[in-house]
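Me: Please take a close look at a single part of this model, one packed pair of helices and what surrounds the pair. Set the part within the whole chain before going into detail.

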Amino acid sequence: MKDQFQQYGELGLGSRLKRLSEYMMKEIQMIYIKYEIDFDSYLFPVFKVIIDQNIATTTDIQEKLKYTQPAITQILKKLMARKLVDYKIDASDKRKKVFQLTKKGKKTHQDMIPLWKVFDQQVKNVTTFNSTNLMDHLTVVENKFIEKSLSKRILENLK
C-alpha cells in the first residue's frame, strides 16, 4: 500500500519531514534508553552547542541554532534538571548566564560519543545516494527505514 503522504507530492513535504524527524528522534531515544543514558534526543542541539563552545549564553545558542529564546530556555531548564548543564553569571555582564557542562554532563557526553559516531554513520548509510529530487530522495530514505529500523541498524553496529 502506497504511503498517503507520498501521494500528496510536494504538498506533503513538511509533513513527511516532520514524520521522519519524529521517527529518528524516537529510534535514537530507544538507544539512549537501552544504554541507560539519561538523555532525550530533542536536547541534543543545545547540548552539542555547549559541548562545542565549552561555554555558551542563550544568545550564542540562538545564533547557532536559530531557535527561539523560549525554546532554548526550556531545553536549558531540562538539561539543568538532569544536572547535565549549569550556569554562572557572567563576570562582565551580570544579566548574562553562561552555560557549561557539569561533571555529570561531561561524563554523559563521553558515554554518548561512541553512540553518536554510529548514529552519524548509519544515517549517512541510509541517506547517501544520488536522486533527481528531494521527494524521490525522501521516499528512498523512508523505504530504507521500513526495510530495517534505524535503531536496529545502530544496534547491529554498536556490537
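Reply: A residue is called buried here if its relative accessible area is under 20%, exposed if that area is over 50%, and partly exposed in between. The model is a predicted one. By that cut-off, buried residues make up 39% of the 159 residues in the protein chain. The chain holds eight helices and two strands, and from the N terminus on its elements run α-α-α-α-α-β-β-α-α-α. Along its principal axes, the C-alpha trace spans about 60 × 40 × 25 Å. Among contacts with a separation of 6 or more, 56% join residues 24 or more positions apart.

The part chosen is helix 3 with its partner, helix 4. Two packed helices are described by the angle between their axes and the distance between the axes. Helix 3 covers residues 44-53 and helix 4 covers residues 58-65; the two pack at an angle of about 110°, with their axes 10 Å apart. Because angles of 65 to 115 degrees count as roughly perpendicular, helix 3 is roughly perpendicular to helix 4. The crossing of the two is right-handed. On the side of helix 3, the contact is made by Pro 45, Val 46, Val 49, Ile 50 and Gln 53. Helix 4 brings Asp 60, Ile 61, Lys 64 and Leu 65 to this contact. Sorted by class, the contact has six nonpolar, one polar and two charged residues.

Asp 60 belongs to helix 4 and is partly exposed, at a relative accessible area of 25%. Leaving aside neighbours within four places in sequence, Asp 60 is in contact with Gln 53 and Ile 55. Glu 36 lies 24 residues from Asp 60 in sequence, and the C-alpha atoms of the two are 30 Å apart in space.

The loop between helix 3 and helix 4 contains Asn 54, the residue that follows helix 3. Its phi is near 70°, a positive value in a residue other than glycine. Asn 54 has a relative accessible area of 60%, which means that it counts as exposed. Past helix 4, the loop that leads to helix 5 contains Lys 66. Lys 66 also has a positive phi, about 60°, although it is not a glycine. At 68% relative accessibility, Lys 66 counts as exposed.

Next comes the buried side of helix 3. Its buried residues are Pro 45, Val 46, Phe 47, Val 49, Ile 50 and Ile 51. An α-helix has 3.6 residues a turn, so residues three or four places apart point the same way. What covers the buried residues of helix 3 includes helix 4, helix 5 (69-81), strand 1 (85-89), strand 2 (97-101) and helix 6 (103-127).

In soluble globular proteins, nonpolar side chains tend to be buried together. In this model the largest nonpolar core has 36 residues, and Tyr 32, Phe 39, Phe 47, Ile 50, Leu 79 and Val 85 touch the most other members. The elements that give two or more residues to this core are helix 2 (13-34), helix 3, helix 5, strand 2, helix 6, helix 7 (134-147) and helix 8 (150-158). Phe 47 and Ile 50 of this group are also among the buried residues of helix 3.

Two other residues show how helix 3 is joined to its surroundings. Not counting residues up to four places away in sequence, Phe 39 touches Gln 29, Tyr 32, Phe 44, Phe 47, Leu 79, Arg 82, Leu 84 and Met 112. Trp 116, in helix 6, is buried at 13% relative accessibility. With the same sequence neighbours left out, Trp 116 touches Tyr 32, Phe 44, Phe 47, Lys 48, Ile 51 and His 109. Phe 47 is thus touched by Phe 39 and by Trp 116.

Helix 6 can be followed away from helix 3 as well. Trp 116 and Ile 154 are 38 residues apart in sequence and 9.8 Å apart in space, C-alpha to C-alpha. Gln 122 is also found in helix 6, and at 7% relative accessibility it counts as buried. Leaving aside neighbours within four places in sequence, Gln 122 is in contact with Leu 150, Arg 153, Ile 154 and Asn 157.

Key. Residues are numbered from 1 along each chain as its sequence is written. This is a predicted model: local features need pLDDT of at least 70, side-chain atom pairs count only at pLDDT 80 or more; totals for chains, interfaces and linings use all residues. Side-chain values use heavy atoms; hydrogens and water are left out. Axes are lines fitted to C-alpha atoms, for helices over the stretch in contact, and angles run from 0 to 180 degrees between N-to-C directions. Helices (H or I, at least four residues) and strands (E, at least two) are DSSP runs, numbered from the N terminus. Angles under 35 degrees count as roughly parallel, over 145 as roughly antiparallel, 65 to 115 as roughly perpendicular and the rest as oblique. A crossing is left-handed if the near helix is turned anticlockwise from the far one by less than a right angle, and right-handed if clockwise. Contact means heavy atoms within 4.5 Å. Ala, Val, Leu, Ile, Met, Phe, Trp, Tyr, Cys and Pro count as nonpolar, Asp, Glu, Lys and Arg as charged, and the others, Gly among them, as polar. Buried means under 20% relative accessible area, exposed over 50%, partly exposed in between (1.4 Å probe, protein chains only). A nonpolar core is a set of buried Ala, Val, Leu, Ile, Met, Phe, Trp, Tyr and Cys residues joined through side-chain atoms within 4.5 Å.
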